[in-house]
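Please look over the protein below, shown as sequence and structure. The report that follows takes up one cavity, one sheet and one helix.

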Amino acid sequence: MALTLYVDTARWRAHQQSVLQQFPGLVPVCKGNGYGFGHERLADEATRLGSDVLAVGTTYEAAQIKDYFSGDLLVLTPFRHGEEPVPLPDRAIRSVSSVEGVGGLVGARVVIEVMSSMKRHGVKPEDLPKLAAAIEDVRLEGFAIHLPLDRADGTDSVDEVIGWMDQLRAARLPLHTMFVSHLKPQEFARLQQQFPQTRFRARIGTQLWLGDHDATEYRGSVLDVTRVAKGDRFGYRQQKVASDGYLVVVAGGTSHGVGLESPKALHGMMPRAKGVARAGLATVNRNLAPYVWAGKQRWFAEPPHMQVSILFVPSEAPEPKVGEELVAHLRHTTTQYDRLVDR
């Protein structure tokens, strides 16, 4: 009995190919929990795609993945002086976001990140005059820019990249390769057309692995079902059942990421109103679970346990049976499955 990730493998891989066609030379990203699939699986998929570079989040991830992927490994987290040294092969490429960082990687392969409107990290325009000398001591693989997902001010992603390209060219820095993130296919094509001497490489994770939502599905096995009557006490805190129904124990708990949720950016009055409503229900221990039964998303009977969750299903709904599976709407990047099944 398990929390299972089912993958429609043919459909999933067809989507990967469609993204690859839209972004020739793309660099697959495998970081965190491997977008829910795990590092080993995504390393294998990147090899299947014919990728020569795989981007990872940290040096620790690079050390883990190096035995599963034979191509170059691009570490996205920028180098920092004083960081813990992690033994990596020569095929590892380090990101740097400062002139000082370049100076700390003499002889290494590096990609230099420029400061975008994300304002997260990157070299600034005023740093460019110092870079020309600094890059003489490293093996420069190219520059990179990480763009925001939304542009509330109406600015254009392509214009931002062009602005940096012009500044790099004015500083007489080499522009043979530019790594980009969060561009639409038509924007990517515009850049490649405008700068034919530069190879643009899109670093893509979410869109590549999770872009077709119907290619994957989580399901949790029903482990136990107990009929209860209004007023019965149950669970760790011995709360009372609000009405007749069933307590359903289903695979999937906090160790799987069930019940964990990342903060969301809310836009518009309706999403904000729903957020307020959810918060109000939570104050009276009413929390919607990710599991679906008989066409409806069900409520947690109490907070999820480490490896299982207990749901309340009202008596008017069909009684779940042990061994059946409930669809679970879970976020891939925060979920750890028990098993993965290709179908």
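What volume does the largest cavity have? The largest cavity has a volume of about 40 Å³, where a cavity is a set of points, on a 1 Å grid over the protein atoms alone, at which a 1.4 Å probe fits but cannot get out, and a volume is the space filled by probe spheres set on the points. This is a predicted model, in which local features need pLDDT of at least 70 and side-chain atom pairs count only at pLDDT 80 or more, whereas totals for chains, interfaces and linings use all residues. Residues are numbered from 1 along each chain as its sequence is written, and side-chain values use heavy atoms, with hydrogens and water left out.

Among the residues that line the largest cavity, having an atom within 4 Å of a point, are E113, K119, R120 and H146. The lining divides by class into 3 nonpolar, 3 polar and 3 charged residues.

An open sheet of 8 strands (DSSP E runs of at least two residues) runs in the order 2-9-8-7-6-5-4-3 with parallel pairing, two strands being paired if DSSP finds at least two bridges between them. Its edges are strand 2 and strand 3, each of which pairs on one side only. Strands 5 and 6 pair in the parallel sense over 3 bridges, and S95 has V111 in strand 6 as its bridge partner.

| Strand | Residues |
|---|---|
| Strand 5 | 92-96 |
| Strand 6 | 109-114 |

In helix 2 (residues 39-48), the buried residues, those under 20% relative accessible area with a 1.4 Å probe and protein chains only, are H39, R41, L42, A43, E45 and A46. Just after helix 2, G50 takes a positive phi of about 80 degrees.

Terms used. Buried < 20%, exposed > 50% of the residue type's maximum accessible area, 1.4 Å probe, protein only. Helix = DSSP H or I, 4+ residues; strand = E, 2+ residues; numbered from the N terminus. 1 Å grid on protein atoms, 1.4 Å probe; cavity = no way out; pocket = protein on both sides within 12 Å on 5 of 7 lines; lining within 4 Å. Nonpolar A, V, L, I, M, F, W, Y, C, P; charged D, E, K, R; others polar.
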